[in-house]
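Reader: I'd like to walk through this one feature by feature. Could you give me the general idea each time, then the case here?

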Amino acid sequence: MATSRGDADFLVKTTEFLQWLQQRPGTAISPKIQIADLREQYAGRGIIATEVIEKDEELFSIAHSSILTTHNSDLQTFKPAILERLDAWNSLVLVMIYEDGLREKSTWWPYLNILPRDFDTLIYWSSDELAELQGSAVLDKIGKTDADESFKKCLLPLVQQNAEIFGHHAQAFAGTDAESALLGLAHRMATLIMAYGFDLEAGSSTSGDEDEDEADGSSQSAYELNKGMVPLADLFNADGDLNNAHLLQQENSMTMIALKSIRKGQQIFNDFGQLPRSDLLRRYGYVTDNYKRWDVVEVDIETVTKAAGEHNTLNEKEKNERLDLTAKWEVLQDGYDLTRSTANQAFEFDRALVLTITALLLDSEEFTEALEDPTEQQPPPSLRMPLALVLRRIISSRQSAYRTTTAEDATLLEDADVQRRRRMAIEVRLGEKEILAEAAGEVEKRIAKLGSATEQEQGTSHAKMGRF
């Protein structure tokens, strides 16, 4: 497997990584793939085809023992007590800090040495940069404060009490700036796990001593891993449209296969799944139009109940009773998604959102009827206009959360001097505004249609269904 040209340090690290991986037992790498330097495209390293690759052809395979997991680290053998009380996430973060501190003494150093050290994920953005995403629900998902508290509570005492084992990080962990040093390293490792880690099926063997553990009759520990770092697999960039490869977990190995025929010189892409660009930015630090179709606008339950309350005043008990009804209908959620319409399809509102609003609009008589027949889950005719008006209010509320207009965002994107992080934020918020505009258009159509109903039809519906 060859490497493309790049600067000397970049090329040396890539070569050392390949040599290390090829020497690992159970490794098989196709001679038809090559690591490429794609930093000019903000894509780091990537994988391209050096020859035509046929569908279902194996691109590489590595043994489970070559996956960086808690159980495959020397820390598991050397200091198992350190890991015993940690969950899977924190244990892997700690293991990666430990291996990173050992540098060349670590079995995993050639792999760790090629992983990024600088990121554009949201946890690294300044407050001014994050302000560009005002209005987007992604801001509530960053979780830096909670992560910091978890690292300080779970990991800081361990690294301070065992500073001497952490190699190059030992001095920092033993000093007065231990907390700052830990948080910097923990954020980096957590970002790597979130961006490059892979889910591992439960019960898969990743180390040679697991059979011994089972023979001893011990149960699975709290830190048994469900995520691992898979060398080489994480060098495949992802693309929702151009996805042409897939990683498979087999009994004793992880194997990447081609999903379709791949041309010589073509980049080989894995896939992240159907992620909105806001989550793509949060987890991986970039956006691409190829994930635009999966953009979403999230509407939290508080916004829904507030908007519905403007049309049907309920006390706290009555509101909770109606939310309990939506739980029986299995539609109650913390938040609801507005999504783009598909090609040649009208915009559709999430059924769960429509039924939640419906429940909150029910008067006492209608609510009693709904309790008697909880299988009936259609908005009654009398509530169709109030339902549309609540949807209009929800959309207006979400639109007002952004500090710029669609036109202003479009103009900003035409400016070549707009910096990368700001540009990505604009693309995310503009995509969300496009969804809201589409939803607003659909609501206005429904309101106009309902308003044109005959007076007789409206009067019949009101007489039958109550005050709405």
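## Strands, helices and a few loops

Author: Sure, and let's begin with a strand pair: strand S4 (residues 58-63) and strand S8 (residues 253-258) run antiparallel to one another, joined over five bridges. Keep in mind that this is a predicted model.

Reader: What holds strands of a sheet together, in general?

Author: Strands pair through backbone hydrogen bonds, and the pairing can be parallel or antiparallel. In the S4 and S8 pair, you can use Ser61 to get the register: Thr255 in S8 stands opposite Ser61.

Reader: In what order do the four strands of the open sheet come?

Author: Read across, the order is S1-S4-S8-S7, with antiparallel pairing. S1 and strand S7 (245-249) are the edges; each has a single partner strand, so one side of each has no neighbour in the sheet.

Reader: Now helix packing. At what angle do H16 and H18 pack?

Author: Helix H16 (residues 384-400) packs against helix H18 (residues 420-451) at about 155°, and their axes are 9 Å apart. Angles over 145 degrees count as roughly antiparallel, so H16 is roughly antiparallel to H18. The crossing of H16 past H18 is left-handed.

Reader: Which residues make that contact?

Author: On H16 they include Met385, Leu389, Arg392 and Ile395, and on H18 they include Leu436, Ala440, Val443 and Ile447. By type, the residues of the contact of H16 with H18 come out as 12 nonpolar, two polar and four charged.

Reader: Let's try a single loop residue. Where does Lys32 lie?

Author: Look in the loop between strand S1 (28-29) and strand S2 (33-37). A handy trick is to compare sequence separation with distance in space. Lys32 and Glu51 are 19 residues apart in sequence, yet their C-alpha atoms are 5.3 Å apart. Beyond its neighbours within four places in sequence, Lys32 is in contact with Ile48, Ala49, Thr50, Glu51, Val52, Ile53 and Glu57.

Reader: What does the side chain of Lys32 make a polar contact with?

Author: One partner is the side chain of Glu57, at 2.9 Å. The Lys32 side chain also reaches the backbone oxygen of Val52, at 3.5 Å.

Reader: Last topic, backbone torsions. What sign of phi do most residues other than glycine have?

Author: Negative, for most of them. Two residues here go the other way. Arg103, in the loop between helix H4 (88-102) and helix H5 (109-112), has a positive phi near 50°. Glu330 isn't a glycine either, and its phi is positive at about 65°; look for Glu330 in the loop between helix H13 (316-328) and strand S10 (335-339).

Note on methods. Residues are numbered from 1 along each chain as its sequence is written. This is a predicted model: local features need pLDDT of at least 70, side-chain atom pairs count only at pLDDT 80 or more; totals for chains, interfaces and linings use all residues. Side-chain values use heavy atoms; hydrogens and water are left out. Helices (H or I, at least four residues) and strands (E, at least two) are DSSP runs, numbered from the N terminus. Contact means heavy atoms within 4.5 Å. A polar contact is a pair of N or O atoms within 3.5 Å; within protein, one must be able to donate a hydrogen and the other to accept it, and residues adjacent in sequence count only if both atoms are side-chain atoms. Axes are lines fitted to C-alpha atoms, for helices over the stretch in contact, and angles run from 0 to 180 degrees between N-to-C directions. Angles under 35 degrees count as roughly parallel, over 145 as roughly antiparallel, 65 to 115 as roughly perpendicular and the rest as oblique. A crossing is left-handed if the near helix is turned anticlockwise from the far one by less than a right angle, and right-handed if clockwise. Ala, Val, Leu, Ile, Met, Phe, Trp, Tyr, Cys and Pro count as nonpolar, Asp, Glu, Lys and Arg as charged, and the others, Gly among them, as polar. Two strands pair if DSSP finds at least two bridges between them.
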